[in-house]
Amino acid sequence: MLTDRPSYQALQAHYAQIGSLHLRDLFAADPGRGERLSGEAAGLYLDYSKHRVTDETLRLLVALAEDCGLRGKIDAMFRGERINTTEDRAVLHTALRAPRGQSLSATLVPESGEPVHEVLDRMSIFAELVRNREWLGFTSKPIRNIVNIGIGGSDLGPVMAYEALRHYSNRELTFRFVSNVDGTDFAEATRDLHPEETLFIVASKTFTTLETMTNAQSAREWVLNSLHDPLAISRHFVAVSTAAKEVAQFGIDTDNMFGFWDWVGGRYSMDSAIGLATMIAIGPAAFREMLAGFHAMDEHFRTAPFASNLPVLMGLIGLWYNNFFNAQTVAVLPYDQYLKRFPAYLQQLTMESNGKRVTLEGESITGYQTSAIYWGEPGTNGQHSFYQLIHQGTKLVPCDFIGFRQSLNPLGEHHDLLMANVFAQSKALAFGQAAPPGQPYREFDGNRPSNTILAERLTPAILGALIALYEHCVFTQGAIWNINPFDQFGVQLGKVLAQEILPSLKKGSPLPADDSSTLALLRRYRAE
């Protein structure tokens, strides 16, 4: 068990000695701390000086990582070993962004036989056809609207990347994203669109995902109600899938089916064919720039010593608060409106990956916590929402601030004001402020930790590096907690029960033998 390791117990003893140290004192004792506790890789600058850590803390955290075999686990992932042991799969999302000629993918695609770069090339050809108005709908009108239908990683990644890179997108095209099985999501996404100018991307590996296929069938009916010919489906639908039989039965030409592989988990798939909508929006060249940013951070994570390895440091420091300070959450605070969906994307990446209570050996975890709860909103909006709790509440909330030196939309002094808030908020959290006499409610106790991540500006490459930074942070923590970050059995039970309950929703159908709460809710829904 993790807590039995001498390296973990050394950290427990160290926490007892320094846990109450204040950041004011740490900075006063080390005038160069702000520059010394920082690092840079793949275009990202990380300031981690505003953490309740000393050099000894960092040394002990690195020792824990080494003791838990992090280096060997990193190497095993990049070699393509089947480290997803519960599903007996390799974990090679890093192969999706390896340069042509360096990818391991050619030997790792038995179900489709199509290497990564061949899929990327076909995606590029198709994306250019749509972008150049050469892909025509059934009535020979050019496609102007692209609707991505997916859920989970097949939605959160594409919609986040589209919003993040909207500055680079083709503004003559309209992009919508449908994921919720709530009919309102589909209805509102298509309300002002014309079927003859609309292309649907249906993203489901097996073409059986309940929510996705329910929305896809509604989209099919929507198109046929206007165009009245089943042959229209092949001009208005493409698939991101490997289920050729099911795709063909739906009416999609399998030449317009873009595959991905078992060694790509859904939440790690936005740089695969799942990113087709992103590629259409920003173009193949910009998409490959994003892949290059991913790869730059991959190589940094693979090769850099732990003491200067940005994902490892972020993972270890996050573990320090989670396991020793009992911090329950992490706030992700991007000071760029384009990153408004980034916290939501990270919720799946972090909590679906490391929200586990069983070790790789199948033992129940006791004595330590696994994944923190990730949440957040863009600044400065969040400052007028939840920052009150972060500054003066009773909960310790480590924060990640994300900012850029240059705005993509310069407007007066807006960007200087935005970035002044980044620096001011992290300063206020760290150092606080004494209360005026008799006004304790004005006291800021400080000692609230944060990272600050800075880049020159938000580009496709920087977005790729930023995502990979958090991917590998998740991997680092999962390796130390001795859990599998690459399965997600916890999402299945509710889906299974929903299928069992569905027939009981119709009035007059037999009610199941169930608990009293579920039965009462069913009767209320059926108005009985």
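I started with arginine 97 in this predicted model. Arginine 97 makes a salt bridge with aspartate 298, and the closest N and O atoms are 2.7 Å apart. I then looked up where the two partners sit. Arginine 97 is in the loop between helix H5 (70-79) and helix H6 (116-131), and aspartate 298 is in helix H13 (residues 284-303), so the pair ties together parts that are 201 residues apart in sequence. I checked burial next. Arginine 97 is buried because its relative accessible area is 3%, under the 20% cut-off. Aspartate 298 is buried too, at 1%.

Second pair: arginine 267 and glutamate 352. Their closest N and O atoms are 2.8 Å apart, and they form a salt bridge. This pair also links distant parts of the chain, 85 residues apart. I found arginine 267 in the loop between strand S7 (257-258) and helix H12 (276-282), and glutamate 352 in helix H15 (residues 342-354). Arginine 267 is buried, with 2% relative accessibility.

Third pair: glutamate 299 and arginine 302, a salt bridge with its closest N and O atoms 2.8 Å apart. Both lie in helix H13, three residues apart, about one turn of the helix. Glutamate 299 is partly exposed at 26%. Arginine 302 is partly exposed at 33%. I also noted a network: salt bridges with shared partners join Arg97, Asp271, Asp298 and Glu471.

Then I stepped back to the whole protein. I count 26 salt bridges in the structure. There are 20 helices and 11 strands. Of the 528 residues, 55% count as buried. The radius of gyration is 25 Å, which agrees with the value near 24 Å for a compact globule of 528 residues.

Terms used: Residues numbered from 1 in each chain as written. Predicted model: local features only at pLDDT ≥ 70, side-chain atom pairs only at ≥ 80, totals over all residues. Heavy atoms only, no water. Helix = DSSP H or I, 4+ residues; strand = E, 2+ residues; numbered from the N terminus. Rg over C-alpha atoms; globule rule 2.2 N^0.38 Å. Buried < 20%, exposed > 50% of the residue type's maximum accessible area, 1.4 Å probe, protein only. Salt bridge = Lys/Arg side-chain N within 4 Å of Asp/Glu carboxyl O.
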